[in-house]
Amino acid sequence: MNNSSNDTPAIDWTRDGDLESYVARALDDKQIPNCLWSDGALSIYGCPSSQEMVANHRQKSSAWMVPDRVIHRVPQALAGTSFVSCTEGEDCHVLDKERVHPFPDVHVHVHREGQPGYAVEFYKQSRLFWGLPPPPLGVPRSGDPFYMLVTDERLSEPAVLSRGRQPAGNHPVKILVPTHYTIGMALLALRDLEESMNRDHWLGVMKQLWFMIIDDENPILDSNSLTGVYHNIMYAFGDWLLSRQPDRVQRGHEYIYRVHHEWKAAGRLPPPDRGAFFWGPGGDVIPLAGDHFVLQ
Ligand SMILES: [Zn+2]
């Protein structure tokens with residue numbers, strides 16, 4: 001991969017979707033299944049974007065899920081493209097050290113409009129949506145219950161605060177069907193409820209998803225989209241995090257912690273992903289790498 005920014009050709013794109021299409025095509029061409037997630041996917045679902053994203057009119061990064069067995073091939077798949085392999089690893093000066101978002105397994109950078117630093121981040125599927133089948137290559141089959149395209153007719157039109165359905169014409173980019181994205185986020189919030197720096201991040205995502213559920217103008221996810229225990233879990237998160245009635249807050253909080261402990265004990269949840277950095281005793285920041293966590 002070319003590490004000299006002076007030699008790096010500019011990607012011909014002006015929209016987030018163009019860059020995402022570029023990434024998806026590079027990975028599809030090398031038979032690496034991939035799926036967009038995180039802020040990009042949420043905005044495409046119709047979730048209101050963060051104030052920072054609105055102010056910048058752009059995302060600062062994009063995040064992708066790739067099956068564990070092929071994620072090591074991602075840097076090679078992007079070699080010779082406009083992406084610059086990051087040589088700084090966990091010391092990367094672009095990725096925010098204070099953030100509570102999980103640290104990517106692999107990341108590269110691209111120079112955007114002359115500004116260095118846009119990060120393209122790749123995560124092993126086992127860290128995110130461990131119970132789902134891997135994404136298909138290219139276009140999902142008709143009626144795929146798990147994956148859909150960012151151009152899908154079921155998505156809402158773009159709005160001031162959300163990207164919504166993406167323009168057709170680019171290489172196909174996949175996202176999860178919103179119900180499975182929501183279940184996946186609920187499982188991450190349950191997994192990392194204790195002993196993880198990611199906890200507050202996932203709880204913030206649960207709030208974002210609830211704002212989408214109660215948005216009557218966005219039919220892609222509503223209160224009937226989830227059934228069974230996940231319906232109960234989603235409502236408990238809503239009571240805990242968003243209700244103004246103290247008894248509902250307490251009831252939701254108790255339900256979520258009960259499910260967390262029961263499912264942990266039953267082996268239904270993996271160990272917590274502790275986050276990029278963990279505040280150890282005495283306020284020292286202990287850098288972490290995946291599961292190689294040592295409490296000092
Ligand atoms: Zn970096």
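This briefing describes a pair of helices, a strand and one residue of the structure above. The model is predicted, so local features need pLDDT of at least 70 and side-chain atom pairs count only at pLDDT 80 or more, while totals for chains, interfaces and linings use all residues. Residues are numbered from 1 along each chain as its sequence is written.

**Helices α7 and α8**

- Helix α7 (residues 228-242) and helix α8 (residues 246-265) have axes that come within 7 Å and cross at roughly 135 degrees, the axes being lines fitted to C-alpha atoms over the stretch in contact, with angles from 0 to 180 degrees between N-to-C directions.
- The two helices, α7 and α8, are therefore oblique to each other, a word for angles that are not under 35 degrees (roughly parallel), over 145 (roughly antiparallel) or 65 to 115 (roughly perpendicular).

**Strands β1 and β2**

- Six of the six residues of strand β2 (residues 61-66) are buried, so β2 is largely enclosed by the rest of the structure; buried means that 20 or more other C-beta atoms, placed from the backbone, lie within 10 Å of a residue's own.
- On one side of β2 the buried residues are S61, A63 and M65, and on the other they are S62, W64 and V66, which leaves both faces covered.
- Strand β1 (residues 35-37) runs antiparallel to β2 and is joined to β2 by three bridges, and C35 has M65 as its bridge partner in β2.

**Residue L209**

- L209, found in helix α6 (residues 199-213), counts as buried because 21 C-beta neighbours lie inside 10 Å.
- P178 is 31 residues from L209 in sequence, and their C-alpha atoms are 9.4 Å apart in space.

How values were computed: Helix = DSSP H or I, 4+ residues; strand = E, 2+ residues; numbered from the N terminus. Buried ≥ 20, exposed ≤ 12 C-beta atoms within 10 Å, placed from the backbone. Pairing = 2+ DSSP bridges.
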